[in-house]
Amino acid sequence: MQRVAAMPRGLKWEWRAFYQAAEDAPSPLEFTHGGQKPHPPEDRTDVYYLQDKTRGLKERGGGGLEVKERKKTYHGGYEQWKHSRPFGAAPPAAPRYEVSKRRWKQSGGWRPAATEYTELRVRRVGDDESINSGASQSWRTVAVQGNRQDCEPVRQQLLDVISKQAVGPVTIGGYPTWLA
């Protein structure tokens, strides 16, 4: 049996949405937390290995593998995920996506829920390192994390904003749901 290290995170509730928007659409975080400014952006590229909607596997920013398993769901799209890192595991032979991220986070403010807005550039990478689907695609994701009572007003605000910005369908769920 392969050894696995639990990551130091509790099981918080998370609500996340993925959508495409016009390039000039403003950040949806401008509308939440009473105008509080987000932390400086974080830039990184993760590689996601296609698993299924309840289990994700990624290389975080070129580091080791991280497993993400959905443990619970709740009405409205809330999910709880357990994170772990398998020791010495090799990446699987599975379809994979290179996801370049520019992420802004907010915490505190008028509610203790943490919010996140991420601009994504996504491309599918083939087994021979070629790009199977051509040019990358631009996506956005927003998330709120914490206990559901604190998250719910922010989730409602985010839903309202992204429903006006979205060009096409909105996917509610974590990265494994979006990529599957």
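**Figure 1. Arg16, tucked away in strand 2.** Let's start with Arg16, which has its place in strand 2. Keep in mind that this is a predicted model. Is Arg16 buried or exposed? Its relative accessible area is 4%, and the cut-off for buried is under 20%, so Arg16 counts as buried. The side chain of Arg16 has a partner in there: it makes a polar contact with the side chain of Thr141, at 3.1 Å. If we skip the neighbours within four places in sequence, Arg16 is in contact with Glu116, with the run Thr141, Val142 and Ala143, and with Thr171, Ile172, Gly173, Gly174 and Tyr175.

**Figure 2. The whole chain, for orientation.** Step back for a moment and look at the full protein chain, with its two helices and 10 strands. Follow the sequence and you'll read the pattern β-β-β-β-β-β-β-β-β-α-β-α. The chain has 180 residues, and 41% of them count as buried. What share of the contacts with a separation of 6 or more joins residues 24 or more positions apart? The share is 68%. As for the outside, the accessible surface of the chain comes to about 9,600 Å², and carbon and sulfur atoms hold 50% of that.

**Figure 3. The largest nonpolar core.** Zoom in on the largest nonpolar core, a group of 17 residues. Which residues have the most contacts inside this core? They are Trp15, Tyr19, Tyr117, Val142, Val144 and Ile162. Strand 2 (13-19), strand 9 (137-146) and helix 1 (148-165) are the elements that each give two or more residues to the core. Apart from this core lies another one, made of 10 residues, including Phe18, Val99, Leu120 and Trp139.

**Figure 4. Tyr19 and its neighbours.** Tyr19 is one of the residues with the most contacts inside the largest nonpolar core, so here's a close-up of what surrounds it. Leaving out residues up to four places away in sequence, Tyr19 touches Pro28, Tyr117, Trp139, Arg140, Val142 and Ile162. Gln165, Ala166, Pro169 and Val170 are also on the list of residues that Tyr19 touches.

**Figure 5. Leu120, a member of the other core.** Leu120 sits in strand 8 and belongs to the core of 10 residues. Why does Leu120 count as buried? Leu120 is buried because its relative accessible area is 2%, and buried means under 20%. Setting aside neighbours within four places in sequence, Leu120 is in contact with Phe18, Val99, Ser100 and Lys101, with the stretch Gln137, Ser138, Trp139, Arg140 and Thr141, and with Tyr175 and Trp178. The C-alpha atom of Leu120 is 9.3 Å from the C-alpha atom of Thr45, although the two residues are 75 residues apart along the chain.

**Figure 6. The second largest pocket.** Leu120 turns up again here, on the lining of the second largest pocket. This pocket holds about 230 Å³ of space. There are 14 lining residues, and Glu23, Glu119, Leu120, Ser138 and Trp139 lie nearest the centre of the pocket. Which strand supplies the largest share of the lining? Strand 8 does, with four residues. Strand 7, strand 8 (114-125) and strand 9 each supply at least two residues.

**Figure 7. The largest cavity.** Now for an enclosed space: the structure holds one cavity of 30 Å³ or more. The volume of the largest cavity is about 50 Å³. Its lining is made up of Tyr48, Tyr49, Leu50, Gln51, Asp52, Arg55, Gly56, Leu57, Tyr175, Pro176 and Leu179. Strand 3 (42-52), strand 4 (55-59) and helix 2 (175-179) each give two or more residues to this lining. Strand 3 provides the largest share, five residues.

**Figure 8. Arg96 and Leu179.** Leu179, one of the residues lining the largest cavity, is paired here with Arg96. Arg96 lies in strand 7 (residues 96-106). With a relative accessible area of 14%, Arg96 is buried. How many residues separate Arg96 and Leu179 in sequence? The answer is 83, while their C-alpha atoms are 9.3 Å apart in space.

**Figure 9. Gly88, out in a loop.** To finish, look at the loop between strand 6 (78-86) and strand 7, where Gly88 lies. Is Gly88 buried or exposed? The cut-off for exposed is over 50%, and Gly88 has a relative accessible area of 83%, so Gly88 counts as exposed. Gly64 is 24 residues away from Gly88 along the chain, and 8.6 Å separates their C-alpha atoms.

Notes: Residues are numbered from 1 along each chain as its sequence is written. This is a predicted model: local features need pLDDT of at least 70, side-chain atom pairs count only at pLDDT 80 or more; totals for chains, interfaces and linings use all residues. Side-chain values use heavy atoms; hydrogens and water are left out. A nonpolar core is a set of buried Ala, Val, Leu, Ile, Met, Phe, Trp, Tyr and Cys residues joined through side-chain atoms within 4.5 Å. Buried means under 20% relative accessible area, exposed over 50%, partly exposed in between (1.4 Å probe, protein chains only). Contact means heavy atoms within 4.5 Å. Accessible areas come from the Shrake-Rupley method with a 1.4 Å probe; for residues, only the protein chains shown count as cover. A polar contact is a pair of N or O atoms within 3.5 Å; within protein, one must be able to donate a hydrogen and the other to accept it, and residues adjacent in sequence count only if both atoms are side-chain atoms. On a 1 Å grid over the protein atoms alone, a cavity is a set of points where a 1.4 Å probe fits but cannot get out, and a pocket is an open set with protein on both sides within 12 Å along at least five of seven lines; lining residues have an atom within 4 Å of a point. Grid points are joined across faces, edges and corners, and a volume is the space filled by probe spheres set on the points.
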